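The following exercises invite the reader to examine one protein model step by step. Each task is followed by a worked solution.

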Amino acid sequence: MTPPPAPPATTPPKRRTPAARQRVAGLWAAALLALLPPAVLGGLGWRLLDQELDASAAALAADLARLRSEVPAADWPALARQRLAGDDVAGRLASVADTDGALVATSTASPDWPTRSAAAALHGGGALVLTRSMRGPLALGALLWLSAAGALLLWRRAPPADRTASGAATRADAAVPALRTLIESFHDGILLYGDDGLVRDCNSAASRLLGLPAEQILGQPLARWVDLAHGATTVGKVESQAHRGSPTRPFPCELAIARVPHPGHDLWSATLRDLTERNLAERQLQQLANFDPLTGLPNRALFRDRLRLAIARAGRSGQPMALMFLDLDRFKNVNDSLGHDAGDRLLQQVAARLGAALRGSDTVGRSDLEQSFTVARLGGDEFTIVAESLRSADDALRIAERIQQALQQPVLVGKHEIVVSTSIGITVYPDDPSPPDDLLRHADQAMYRAKELGRDQVQFYSVELNEQAQRRLQLEGELRHALERGEFELAWQPKADIQSGHISGAEVLLRWQRAGQSVATPDVFIRVLEETGLIMPVGRWVLEQAARQIVAWRRAGLPWLRVAVNLSARQLRQGDLVRTVSEVLETSGLPSAQLELELTESMLMGGEQHQRLLHRLSALGVQLAIDDFGTGWSSLSYLKRFNVDTLKIDRSFVRDTPHDPEDNAIATAVIALARSLKLRVVAEGVETPEQRRFLLDNGCDEFQGWLLSRPLSARAFEAWWRQQLLLASGAEVEHATLP
Ligand SMILES: Nc1nc2c(ncn2[C@@H]2O[C@@H]3COP(=O)(O)O[C@H]4[C@@H](O)[C@H](n5cnc6c(=O)[nH]c(N)nc65)O[C@@H]4COP(=O)(O)O[C@H]3[C@H]2O)c(=O)[nH]1
């Protein structure tokens, strides 16, 4: 790039500054000072010369008068001429006149102009005029005056430092190289230039910044390299642009211009600071503050800004705008099973797919209007899209469907092919005329509803949804205090040997009893507990309560009973589960073999970390059971790798046995798998004698379900259990009557 032409180095017509006025006054004073001493000296010298001439004339006249009195009158003129020719009057013109004024004698000298004459009367008559040239003394005086005036003028115009005492001057002289070294050490480029804009001097940083040796910079106009939009002599600091190398490349700079007082004429200094790195750092900071580092999409902060602008535009144009909230379905499973790196890569690919799906004006089959989209990642697996310039809410639905289609294609993450689906919540402005934060909340609520409807769904926001969300918020608030208010209870559901019907254990199930309300089952609140993290203290409470109860029953004379406690994925991920379990065992006195932890399949797939954790739990002597087996990401290799003791056939597979061949096949396959891996297999949700018979015939070990007992309060369970024990001890017949 060729630098712009240098602006004319003119200074605007200006009134004299105080400094300039001071300088002029100084000059007058200097001139006066310079003039006065030579004038005084000259006057005095002139007078002295005059007196000396008068005295010489008087002495010569006396000499000539004596001569005239001593010689005869006829000889006197010749003697007079002889005397005048003597060296006394050398250089001076002397003329002697007789008493009648006739010229008697005259010397031969002819003094240069200007001359001065002195007359003396000859004793006895006649007169003498002595004339001498004043050129010599005058020339000397003029020379003296000039040199004095010159010296004074120079003194006046020299910088104050130069007018210091000689010692200080010596020090200043010595400081000059040090000053140069100092300037050379500056990282900023410094260029010195005159009113004409031509560079007089520069430090090596300037030459480095401009990418040229100093020789190629000196004598050249500064404007060749630096954009001087504000003028070359406008003192101040501005951000500008400079040009480096040849051919030149522009770079941003900070330009500071200062006036440098200098004898004779002012100089200017331009200090150049390269802003390339600073600007880069600023851009990086801005990037960090506004964009998600993983996907490069706008983050929540930038998204909020864009949403505000989009609302304003929609308000002006009257064209609806849709806000979509996307959440990937079962993303946690990917994270848990394939690890966070895989999860990250999946999110990156989803971001790219969203961008690709929305690119182009025919996104919703329209080319008449220029639509614009903002895709952002709010965090985790949550994405938002602002779609502007819609015709109606239908457009938003078509966009959502397009996104779903785009995401349905399998994503390759490492060696794994993953199929993701997404739940989408939509709210449309101005149908929903809420402020930005509420719009976001409404889209989020709609997304929640979409998830509840069974994933991979699209749901629009509605007033009813809002009410539902309000209820959830209220639930959350109430759950936060449920533990301290003692509102949680445990329900106990027995498990029995499928053959003998002997009680083999019990599963504890959480219940929430709010004052004045019916008992709530986990489907009402467990998800909220998990999402809010409240599952951590509540989960610990369940463990403690269950262990304490079993020990209390044992102390009350009942046999040991293996108790199964459900765990949430969050309890595995967060906190130190092994420590919690061992503390609970220790404080309660429950033998570890009497505790069974029920996990879901997806929890097994949390990679190495979960594997280690489960091994440590197993090392404590605790039993591990896989709940709802067959519903998740069943993987035989996981079963082998973890020290699992029990498989539980999910009740959804038990429900339609023995009538549904598919369920029969799954149930028998799980049993066969458990047998071959030497695991205990428990069927849950057994409600009918036929189901029990079918499971028994196929080799199931234990069963659990309403056929045996519904979940009971601790007191009811104890009573039921005692009765069962009684029956078992005295009346085997009773069991035999079980179908
Ligand atoms: N239709 C039918 N249902 C039967 C039958 N027998 C038992 N059930 C129900 O099946 C569920 C069995 O528990 P789950 O599969 O571990 O599933 C549990 C478990 O995953 C979770 N949960 C319960 N308590 C806790 C807890 O303390 N911590 C955690 N993290 N989760 C819990 O909540 C889920 C639901 O618990 P509940 O509502 O108590 O529902 C229980 C139980 O009441 C039957 O014959 N027919």
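Helix axes are lines fitted to C-alpha atoms over the stretch in contact, and angles between N-to-C directions run from 0 to 180 degrees. Helices (H or I, at least four residues) and strands (E, at least two) are DSSP runs, numbered from the N terminus. The model is predicted: local features need pLDDT of at least 70, side-chain atom pairs count only at pLDDT 80 or more, and totals for chains, interfaces and linings use all residues. Residues are numbered from 1 along each chain as its sequence is written, and side-chain values use heavy atoms, with hydrogens and water left out.

**Exercise 1. Determine how helices α9 and α10 pack, and describe their contact.**

Step 1. Helix α9 spans residues 331-338 and helix α10 spans residues 340-358; their axes are 6 Å apart, at an angle of about 140 degrees.

Step 2. Angles under 35 degrees count as roughly parallel, over 145 as roughly antiparallel, 65 to 115 as roughly perpendicular and the rest as oblique. Helices α9 and α10 are therefore oblique to each other.

Step 3. In the contact (heavy atoms within 4.5 Å), α9 supplies Phe331, Val334, Asn335 and Leu338, while α10 supplies His340, Ala342, Gly343, Leu346 and Leu347.

Step 4. For the next count, Ala, Val, Leu, Ile, Met, Phe, Trp, Tyr, Cys and Pro are nonpolar, Asp, Glu, Lys and Arg are charged, and the others, Gly among them, are polar. The contact of α9 with α10 has six nonpolar, three polar and no charged residues.

**Exercise 2. Carry out the analysis for helices α12 and α13.**

Step 1. The axes of α12 (residues 436-452) and α13 (residues 463-482) come within 9 Å and cross at roughly 90 degrees. This crossing makes α12 roughly perpendicular to α13.

Step 2. Residues of α12 in the contact include Arg441, His442 and Tyr448, and those of α13 include Leu465, Asn466 and Arg472.

Step 3. Four nonpolar, five polar and four charged residues form the contact of α12 with α13.

**Exercise 3. Describe the surroundings of the ligand.**

Step 1. The ligand is surrounded by 23 residues (each with a heavy atom within 4 Å of it); the closest are Gln493, Glu507, Asp627, Arg651 and Glu687.

Step 2. Polar contacts here are pairs of N or O atoms within 3.5 Å; within protein, one must be able to donate a hydrogen and the other to accept it, and residues adjacent in sequence count only if both atoms are side-chain atoms. A backbone N or O atom of Leu510 lies 3.1 Å from a ligand nitrogen atom. Polar side-chain atoms also lie beside ligand oxygen atoms, at 2.8 Å for Asp627 and at 2.4 Å for Arg651.

Step 3. The protein buries 84% of the 790 Å² that the ligand exposes when taken alone (accessible areas from the Shrake-Rupley method with a 1.4 Å probe).

Step 4. Elements giving two or more residues to the shell are β18 (503-512), α14 (522-532) and β21 (623-629); β18 gives the most, with four residues.

Step 5. The shell holds nine nonpolar, six polar and eight charged residues.

**Exercise 4. Locate the cis peptide bond from Tyr429 to Pro430 and the positive phi of Arg330.**

Step 1. Most residues other than glycine have a negative phi, and most peptide bonds are trans.

Step 2. The Tyr429 to Pro430 bond is cis, with omega near 10 degrees, and Pro430 lies in the loop between β15 (422-429) and α12.

Step 3. Arg330 has a positive phi, near 55 degrees, and is found in the loop between β10 (321-328) and α9.
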